[in-house]
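Visitor: I should like to examine this entry by asking how each label attached to it is justified. Please show the entry, and we may proceed from there.

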Amino acid sequence: RKASAITSDHYPERLEAMYLVNVPSWFGAIWKVVKPMMDDNTRSKLFVFSKRDKKGFLKALGTKVPQQNIPPEYGGESMPLGQS
């Protein structure tokens, strides 16, 4: 926690949002350990989605990225990944 406070005091926050997609089932256990050590501001910008929560991911991502810019592999309407 102290290291997190030092970095947040000396380095400006540049993260708008981070989406962790298709996390494995064991990720929850690791997340419970890491999450309390993170700065509250940074933690509020991280969104974690399992393989089963594609609708939740698309809804959350849609608040930041227009549907037409999201690849179909993630439920959007853009070109498939690797074909742009």
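Guide: This is a predicted model. Of the 84 residues of the protein chain, 19% count as buried.

Visitor: What makes a residue count as buried?

Guide: Its relative accessible area must be under 20%, whereas a value over 50% makes a residue exposed. As to the surface as a whole, the protein chain exposes about 6,500 Å², of which carbon and sulfur atoms supply 57%.

Visitor: Why is Glu-16 called exposed?

Guide: Glu-16 has a relative accessibility of 54%. The cut-off for exposed is over 50%, so Glu-16 counts as exposed.

Visitor: Why does Lys-64 count as partly exposed?

Guide: The relative accessibility of Lys-64 is 44%. Partly exposed covers the range between the limits of 20% and 50%, so Lys-64 belongs to that class.

Visitor: What makes the contact between the side chains of Glu-16 and Lys-64 a salt bridge?

Guide: The criterion is a side-chain nitrogen of Lys or Arg within 4 Å of a carboxyl oxygen of Asp or Glu. For Glu-16 and Lys-64 the N to O distance is 2.8 Å, so the pair meets the criterion. Glu-16 lies in the loop between α1 (2-10) and β1, and Lys-64 in the segment after α4, so the salt bridge ties together parts that are 48 residues apart in sequence.

Visitor: How many salt bridges does the structure hold?

Guide: There are two salt bridges. Besides the pair just described, the side chains of Asp-40 and Arg-43 meet at 2.2 Å, N to O. As 4 Å is the limit, this pair qualifies too. Both residues lie in helix α3 (residues 40-43), three residues apart, about one turn of the helix. Asp-40, at 46% relative accessibility, counts as partly exposed.

Visitor: Which secondary structure elements make up the protein chain, and in what pattern?

Guide: The chain comprises four helices and two strands. Along the sequence they follow the pattern α-β-α-α-β-α.

Visitor: Which elements each supply at least two residues of the lining of the largest cavity?

Guide: They are β1 (18-23), β2 (46-50) and α4 (54-62). The volume of this cavity is about 50 Å³, and the structure holds one cavity of 30 Å³ or more.

Visitor: How do the lining residues divide into nonpolar, polar and charged?

Guide: Four are nonpolar, two polar and three charged. The lining includes Val-21 and Phe-49, as well as Asn-22 and Lys-54. Val and Phe count as nonpolar, Lys as charged and Asn as polar, so these four residues represent each of the three classes.

How values were computed
Residues are numbered from 1 along each chain as its sequence is written. This is a predicted model: local features need pLDDT of at least 70, side-chain atom pairs count only at pLDDT 80 or more; totals for chains, interfaces and linings use all residues. Side-chain values use heavy atoms; hydrogens and water are left out. On a 1 Å grid over the protein atoms alone, a cavity is a set of points where a 1.4 Å probe fits but cannot get out, and a pocket is an open set with protein on both sides within 12 Å along at least five of seven lines; lining residues have an atom within 4 Å of a point. Grid points are joined across faces, edges and corners, and a volume is the space filled by probe spheres set on the points. Buried means under 20% relative accessible area, exposed over 50%, partly exposed in between (1.4 Å probe, protein chains only). Accessible areas come from the Shrake-Rupley method with a 1.4 Å probe; for residues, only the protein chains shown count as cover.
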